[in-house]
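Dear colleague,

I am passing on the structure we spoke about, and I would be glad if you looked through it before reading my notes below.

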Amino acid sequence: MVNQSVYTLLMLELQAKGVTLVAVSKTKPVEDIQALYNLGHRDFGENYVQELIDKQAQLPPDIRWHFIGHLQSNKVKYIAPFVHLIHGVDSFKLLKEINKQGEKNSKIIHCLLQMHIAKEETKFGLDAQELNDLFLSPELPLLTHIHIDGLMGMASFSDDNMLVQSEFQYLKSLFEKYRYLQTASDSYRNCKLQTLSMGMSGDYDLAIETGSNMVRIGSLLFGARVYP
Ligand SMILES: *Cc1c(COP(=O)(O)O)cnc(C)c1O
């Protein structure tokens, strides 16, 4: 079930602040997605490749699908034809595979690099050194079918606001550090960091205060998820 009044209020706030809402619909039925679609929403986020493919086939073609989960290289080919933005790119190997599939589909696939900002070991992502190495890689300019649009991160699952805020601030500082790359030289034609994807149901306020311009919100809109 979609909470329409929560959605309407949230959209008013986010639009005023220039923040894009990715409605995270993982585990939720296509009817819920269609209900938000009917209210005019187009950006939806999914975590699992098979679930995304199934839903994409049943829903309107102008939905902008965001892949926000952990993506395995061997599965990129299934989502490459239609995906709008891949948020969880956490290795050069994955970036190369996305580029290969972009080439096969004659399109440029837009990506965010996922940074590891939380204390929890279980979360995925690059560290600052790996991010720097990626931007300095001589192979990066050769990837003509990807575009790096920005960074994504997940803060610790914690009610310690200071901790969560400091993690968001760290991600924001990395974003600031690299956001002028494209103007630096021709070798960064496939990079322009404009999107900072951080903030979920429990911490989106803090994320926006800290400079996020894309939030990924699921349970607040669709209700708590029940895993079978
Ligand atoms: C599930 C998920 C979300 C949404 O989480 P909620 O707390 O339900 O808003 C956001 N981002 C990622 C990467 C997720 O996996």
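**What was found**

Among the contacts in the chain with a separation of 6 or more, 61% are made by residues that lie 24 or more positions apart. Please keep in mind while reading that this is a predicted model.

The chain holds 10 helices and 8 strands. Its radius of gyration is 17 Å, close to the 17 Å that the globule rule gives for 228 residues, so the chain is as compact as a globular protein of that length. Taken along the principal axes, the box that the C-alpha atoms fill is roughly 50 × 40 × 35 Å.

Turning to the surface, 51% of the 228 residues count as buried, while the chain exposes about 11,000 Å², of which carbon and sulfur atoms supply 53%. As for the charges, there are 22 positive and 26 negative ones in the chain, and their mean positions are 5 Å apart.

One strand may be a good place to begin your own inspection. How many of the 7 residues of strand E7 are buried? In this strand, which covers residues 191-197, 5 of the 7 residues are buried, where buried means under 20% relative accessible area, and E7 is therefore largely enclosed by the rest of the structure. Strand E6, made up of residues 146-153, is joined to E7 by 4 bridges, and the two strands run parallel. If you would like to find this pairing in the viewer, you could look for Met152, whose bridge partner in E7 is Ser197.

With best wishes

Key
Residues numbered from 1 in each chain as written. Predicted model: local features only at pLDDT ≥ 70, side-chain atom pairs only at ≥ 80, totals over all residues. Heavy atoms only, no water. Rg over C-alpha atoms; globule rule 2.2 N^0.38 Å. Buried < 20%, exposed > 50% of the residue type's maximum accessible area, 1.4 Å probe, protein only. Contact = heavy atoms within 4.5 Å. Areas by Shrake-Rupley, 256 points an atom, 1.4 Å probe, with all protein chains shown as cover. Lys, Arg positive; Asp, Glu negative; His and termini not counted. Charge placed at Lys NZ, Arg CZ, Asp CG, Glu CD. Pairing = 2+ DSSP bridges.
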